[in-house]
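Student: I'm new to this structure and would like a close look at one part of it. Please walk me through the strand pairing, and then whatever else you can add.

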Amino acid sequence: MDPVSTEQVAEFRRFNRYFTRSIGALDDHYLGQDRPLGEARLLFEIGEGVSLRELRNRLGLDAGYLSRMTKTLQGQGLVRVSVHPGDSRLRMVELTSAGRIELAEQNRRADALAAGLLEGLSGPQRDRLTEAIGTARRLLRLAGITVVPVDGAAPDARACLDAYAADIDARFPEGFDPSDLVRPEEVSGDAGAFFVAYEEGRPVGCGALRRLEPGVGELRHVWVHPDARRLGLARRLLAALETAAAARGLTVLRLDTHASLTEAQTMYRACGYTEIPPYSEHVYGDHWFEKRLGTPGP
């Protein structure tokens, strides 16, 4: 990847300063209510009820800080904390009637604040801003996702493959046989590599590389969870696999795709893969592709 420039960093920080001031994030009485932004956000995230563990992961909060905020809200009669009925290790938090009333008022004030900020723009300008915000949100989600190598037998690797198998079993007219999935030893060590993408600690994608013959590798099972699609994550996984292939001395990468996976075919072509004659008798292969490493996509 290209290095981040100082101007990009400076512009990002300028926007953060402007936006946090515009929405009143610096005020101890966020939206004119008697609490700071952190507690207000916690009320919103609790919603219909959630475990403290999930809140900690979702918001990236220190356990002690989350506990203190929860106790403050509990002391004010806005939330109640209990033990999960099916797992005594989990502490659950939910809104009380008073908490739901305050959250409803908080949402009303937040909507009014957003509408007030947008009123100064014309309809087309609002549309442009809405589109730009959507783009920024998607890119920031992508930036926050990590793609890391894991052992092919790791629980997260197998869980991703199981999800991949279920996904394409529903898409392929003939279904999918899980026995076609790569074996751990094919994608571990010198034989290959397996990558898992994580968003807030949750696996949301994967991709596998295995060695076919000297200098030639094959990509398998590049998959993204439906919740994380349309972010550009598949290309991130593809780039990680290509880097791993080059590090193993592979100069050519091949893959095949099913006819129903039209979006995958489009991505591979855009990333510099060229359609070739079949190189295997893979039962799910309808299109075969190849790329010589070092050849960029258009």
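Tutor: Let's start with the term we'll need: two strands count as a pair if DSSP finds at least two bridges between them. Keep in mind that this is a predicted model.

Now take strand β8, residues 252–257, and strand β10, residues 287–292: they run antiparallel and are joined by six bridges. With a cut-off of at least two bridges, those six make β8 and β10 a pair. To find one of these matches on screen, pick Leu255, whose bridge partner in β10 is Phe289. β10 also pairs with strand β9, residues 274–276, again in the antiparallel sense, this time over three bridges. Here you can look for Ile276, which has Trp288 of β10 as its bridge partner.

Next, head over to strand β5, which spans residues 192–199. On one side, β5 is paired with strand β4 (residues 146–150) through five bridges, and the two run antiparallel. Thr146 is a handy marker there, as it stands opposite Tyr198 of β5. β5 is also joined to strand β6 (residues 202–213), by eight bridges, and that pair is antiparallel too. Within it, Val196 faces Cys206 of β6. β5 and β6 form a hairpin with two residues between the strands, and Glu200 in this hairpin has a positive phi near 55 degrees.

So how covered is β5? Eight of its eight residues are buried. Side chains leave the strand in two directions: Gly192, Phe194, Val196 and Tyr198 point one way, while Ala193, Phe195, Ala197 and Glu199 point the other, and all of them are buried.

For a change of scene, there's a helix contact to see. Helix α2 (residues 37–46) and helix α4 (residues 63–75) have axes that come within 10 Å and cross at roughly 80 degrees. Angles from 65 to 115 degrees count as roughly perpendicular, so that is how α2 lies relative to α4. On the α2 side, the contact uses Gly38, Glu39, Leu42 and Leu43, and on the α4 side it uses Leu66, Met69, Thr70, Thr72 and Leu73. Sorted by class, that contact of α2 with α4 comes to five nonpolar, three polar and one charged residues.

While you're at α2, have a look at Glu45, which sits in that helix. Glu45 counts as buried because its relative accessibility is 13%, and the cut-off is under 20%. Leaving out residues up to four places away in sequence, Glu45 touches Val50, Leu55, Arg58 and Leu59.

Notes. Residues numbered from 1 in each chain as written. Predicted model: local features only at pLDDT ≥ 70, side-chain atom pairs only at ≥ 80, totals over all residues. Heavy atoms only, no water. Buried < 20%, exposed > 50% of the residue type's maximum accessible area, 1.4 Å probe, protein only. Helix = DSSP H or I, 4+ residues; strand = E, 2+ residues; numbered from the N terminus. Axes fitted to C-alpha atoms, helices over the stretch in contact; angles between N-to-C directions. Parallel < 35°, antiparallel > 145°, perpendicular 65-115°, else oblique. Contact = heavy atoms within 4.5 Å. Nonpolar A, V, L, I, M, F, W, Y, C, P; charged D, E, K, R; others polar.
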